[in-house]
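Hi,

Here is the structure I said I would pass on. Have a look at it first, and then read my notes below.

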Amino acid sequence: MKTTIELYPVWIRVWHWTNAVCFLVLLATGISLHFAAPGSALIPFDTARMVHNIFGILMTGGWVVFVIGTLKSGNGVHYRLRLPGLVGRLLTQTLFYGVGIFRHEPHPFPATREAKFNPLQQLTYLGVMFGAVPVLMVSGLAFFFHDLIPERLLDMDGLWIAGVIHYGIGVFLTVFLIGHLYLATAGETVFGEFKKMLSGSTLTEEKP
């Protein structure tokens, strides 16, 4: 008996694209706030700060929805690392991205009911969604509630440290975004993975 599984249900697709828009707006306004010279900013400073704050709150709310949805829907199974043999699977996936994909070799870890991500995606997404993004949000919220930040940390200005962490994680996530977009073109077709996140993707398996 065959059963059909929806790999990317509507709520994940809505969250994914909302999160993508928020991040791009935060990136543009963040660059403007950090690097634009006074009076010649691509985005006026006050506008950039207001938009950055609004989309930062939207992204934080979206992350909370993502975590609740992941816990409630069973989506968390796709983030559960299987430690035995993990290094070998990571090497296999890395070799596929580096060599196999150009030889049109079959994907070493096709999507299944239990694992829609390959090992490299699983480890990366786990670190991004449950490590980097929360740190980015907390360091951003520090500017809203700066009275709660110690004036001095490690003999340095506490808010300055929060700013450095916020900036560093922002750079890291920008690099992740570039890699994420590149690998999204490495599916069956160049735009295949983008279409899956727009219209959904199903997987048909034999039910025992």
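Before the notes on packing, one term: two residues are in contact when they have heavy atoms within 4.5 Å of each other. Keep in mind too that this is a predicted model.

I'd start with helix α2. Its buried residues pack against α1, α4 and α5. If you want to find them on screen, they are Ala-48, His-52, Met-59, Gly-62, Trp-63, Phe-66, Val-67, Gly-69 and Thr-70. I also checked the length of the helix: α2 has 29 residues, so at 1.5 Å a residue it should span 42 Å, and the 41 Å between its end C-alpha atoms agrees with that. Just after α2 comes Gly-74, which has a positive phi, near 90 degrees.

Not every residue of α2 is buried, though. Phe-55 belongs to this helix, and its relative accessible area is 22%, so it counts as partly exposed, the cut-off for buried being under 20%. Leaving out residues up to four places away in sequence, Phe-55 touches Val-21, Cys-22, Val-25 and Leu-26. Leu-42 is 13 residues from Phe-55 in sequence, and their C-alpha atoms are 18 Å apart in space.

Next, the second largest pocket. Its volume is about 850 Å³. There are 28 residues in its lining, and those closest to the centre are Gly-30, Leu-33, His-34, His-52 and His-166. You'll recognise His-52 from the buried residues of α2. Which helices supply at least two residues each to the lining of this pocket? They are α1 (10-35), α2 (45-73), α4 (119-144) and α5 (158-184). Sorted by class, the lining has 16 nonpolar, 11 polar and 1 charged residues.

Last, take a look at Lys-116, in the loop between α3 (86-98) and α4. Is this lysine buried or exposed? With a relative accessible area of 7%, Lys-116 is buried, because that value lies under the 20% cut-off. Its side chain makes a polar contact of 3.1 Å with the side chain of Asn-75. Setting aside residues up to four places away in sequence, Lys-116 touches Asn-75 along with Leu-7, Tyr-8, Ile-12, His-78, Ala-111 and Gln-121.

That's what I have for now. Over to you!

How values were computed: Residues numbered from 1 in each chain as written. Predicted model: local features only at pLDDT ≥ 70, side-chain atom pairs only at ≥ 80, totals over all residues. Heavy atoms only, no water. 1 Å grid on protein atoms, 1.4 Å probe; cavity = no way out; pocket = protein on both sides within 12 Å on 5 of 7 lines; lining within 4 Å. Points joined across faces, edges and corners; volume = space filled by probe spheres on them. Helix = DSSP H or I, 4+ residues; strand = E, 2+ residues; numbered from the N terminus. Nonpolar A, V, L, I, M, F, W, Y, C, P; charged D, E, K, R; others polar. Expected span 1.5 Å × (residues − 1). Buried < 20%, exposed > 50% of the residue type's maximum accessible area, 1.4 Å probe, protein only. Polar contact = N/O pair within 3.5 Å; in protein donor to acceptor, adjacent residues only side chain to side chain.
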